Amino acid sequence: MATDSTTAPDSTTTPAPALDAPADRAGHGAGWREGARSGVYWAVAHGLPRLVIHGAARRGDLQGRLMLAPASGDQVWELLAEARDHGPLLRSRLSYLTADYAAVKEILSSPDFRAGRPTRDGSVLGRLLDRTAPPVQNPVEPPSLLATEPPDHTRYRRLVTRVFTVRAVERLRVRTEAIAAELLDGLDPSAPVDLIDSYCAQLPLTVITEILGVPPAQRNQVLELGTRAAPSLDFALGWRQFRAVTSGLRDFGRWLDDHIEQLRRHPGEDLLSQLIEARDENGALDDRELKATAGLVLAAGFETTVNLLGNAIALLDRHPDQRARLRADGALWPNAVDEALRLDPPVLMTGRVSTRPTSVAGLDLPEGAPVVTLLAGANRDPRVFADPDRFDVARENARDHVSFSGGRHYCLGASLARMEGEVGLRALAERFPDLHLLPGAGRRPTRVLRGYETLPARLR
């Protein structure tokens, strides 16, 4: 499941958008004005930060280099280790940065930090962003759970949490096992297969859409919309990617409006029907709150679990000795999931902003200081995890990773993700023990979410 995140641009340089020529403006009318507003918003929210990031990277700034690191390869791990070598808290040209396990835990649990990106503070640029923001709901902006704090965050989370309790998740295990078996039945063992498309995406997608009452015929539409919107968690998008993400968020929002209206007319036993009807001392969720909460749970319910499954399959393929240990001792599967989450997490980093002057690891921070906590770096802190770059399915403290964030923003779907990871990986390994990956695996281009876009394999 997704955590609250702040991060980086895509690695390509994209030119700023060109406005229509004056002769075209009258003909385009409202469309031209919308395009112009989008262009202004992109320039302030993404274009200017892109220039700053690229400039910082050229001057050797560690965070700038990390933000521009390719999604594939090992460079990201080298940069995370470099960040940790600088001490518990590094001040870059862009923000504060930490890959230190103790500092990350402290920041994530501290009341002196809030989730989300720096606020629009009433400055000229802040007012400009408010006036030109696209009319779509973004998962990194309120009222999303990723960007709210108590009391609103407490209220939203309380209404959703009951479906993700350990007891509720265990009741879903039998159904998840049946879904995994059905998906594996549909694979042709004699032909190469893309495991992301045919299995890793379909398993969590089917589970979360059933939880939220989505008709089976609409599942692949939800997958496509979620994939288009996923880069919205990234920071400093290129113009073309910004337009594509905005379009994806708009289409996802329209689909969600229709789905919520259908459930209002014909409620079921699913979580979303329950959220629509839920009341507390403050009344029901309003339409904006309901849409933000339901949309985040739906997208987060499969996006990061796809990454968990794909990353774990790749790790097991590269470490046949660990596959052999799991064959010999099936009780290790839950721990193997946590070890995969530790070593190659679905979410690389998350952001916080200090709400008052405070200190971290003995270092003073002013109010309003942005801090990027490098979850993937903290997961490899050698002071916590012995031989941290080694994949060990029997590691005693594998569960101590911070891949689910921490504090009040700890991932509410952690139990579900762990269960789906265990069921999905075990079922695949038992059905196809001789599975091996083929050349051609490709990482997705996002910078917050880390996972595979394609994972070709031979089942036998």
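**Exercise 1. The cores**

Which residues have the most contacts inside the largest nonpolar core, and how many residues does this core have?

*Solution.* Start with the source. This is a predicted model, in which local features need pLDDT of at least 70, side-chain atom pairs count only at pLDDT 80 or more, and totals for chains, interfaces and linings use all residues. Residues are numbered from 1 along each chain as its sequence is written, and side-chain values use heavy atoms, with hydrogens and water left out.

Next, the term. A nonpolar core is a set of buried Ala, Val, Leu, Ile, Met, Phe, Trp, Tyr and Cys residues joined through side-chain atoms within 4.5 Å. Buried means under 20% relative accessible area, exposed over 50%, and partly exposed in between (1.4 Å probe, protein chains only).

Now the result. The largest core has 95 residues. Leu195, Ile208, Leu212 and Leu272 have the most contacts inside it. Helix α14 (residues 287–318) gives the largest share of this core, 15 residues. A second, separate core has 16 residues, among them Leu62, Ala69, Trp77 and Ala376.

Helices (H or I, at least four residues) and strands (E, at least two) are DSSP runs, numbered from the N terminus.

**Exercise 2. Two core leucines**

List what Leu272 touches, leaving out residues up to four places away in sequence. Then place Leu308.

*Solution.* Contact means heavy atoms within 4.5 Å. By that rule Leu272 touches Ile211, Leu212, His259, Ile260, Leu263, Leu290 and Ala294.

Leu308 sits in helix α14. Its relative accessibility is 3%, so Leu308 counts as buried. Beyond neighbours within four places in sequence, Leu308 contacts Val337, Leu341, Pro346, Ala417 and Gly421. Cys200 is 108 residues from Leu308 along the chain, yet their C-alpha atoms are separated by 8.6 Å.

**Exercise 3. Helix α18**

Compare the span of helix α18 with the expected value, then state how many of its residues are buried.

*Solution.* The expected span is 1.5 Å times one less than the number of residues. Helix α18 (residues 414–431) has 18 residues. From first C-alpha to last, α18 reaches 26 Å, close to the 26 Å expected. Of its 18 residues, 13 are buried, so α18 is largely enclosed by the rest of the structure.

**Exercise 4. The five-stranded sheet**

Work out the strand order, the edges and the sense of each pairing listed below.

*Solution.* Two strands pair if DSSP finds at least two bridges between them.

- Order: the sheet is open, runs β1-β2-β8-β5-β3, and has mixed pairing.
- Edges: β1 (90–91) and β3 (113–115) each pair on one side only.
- β2 with β8: parallel, over three bridges. Tyr96 stands opposite Val371 in β8.
- β5 with β8: antiparallel, joined by four bridges. Gly351 has Val372 in β8 as its bridge partner.
- β3 with β5 (residues 350–354): antiparallel, over three bridges. Phe113 has Ser354 in β5 as its bridge partner.

Last, add the helix. Helix α5 (residues 101–109) lies across β2 (96–98), β3, β5 and β8 (370–373). Its angle to β8 is about 125 degrees. Axes are lines fitted to C-alpha atoms, for helices over the stretch in contact, and angles run from 0 to 180 degrees between N-to-C directions.

**Exercise 5. The three-stranded sheet**

Which strands stand at the edges of the open sheet β4-β12-β9?

*Solution.* Pairing in this sheet is antiparallel. β4 (193–194) and β9 (436–437) each have a single partner strand, so one side of each is left without a neighbour in the sheet. Two bridges join β9 to β12 (residues 456–458). Leu437 has Ala457 in β12 as its bridge partner.

**Exercise 6. Backbone exceptions**

Find the cis peptide bonds and the positive phi values described here.

*Solution.* Most residues other than glycine have a negative phi, and most peptide bonds are trans.

- Pro142 and Pro143 are joined by a cis bond, omega about 10 degrees.
- Pro150 and Pro151 are also joined by a cis bond, omega about 10 degrees.
- Pro143 lies in the loop between α6 (124–132) and α7 (152–161). Pro151 lies in the loop between α6 and α7.
- Ala361 has a phi of about 55 degrees. Ala361 is in the loop between β6 (358–360) and β7 (363–365), and is partly exposed at 38%.
- Ser405 has a phi near 65 degrees. Ser405 is in the loop between α17 (375–378) and α18, and is buried at 6%.
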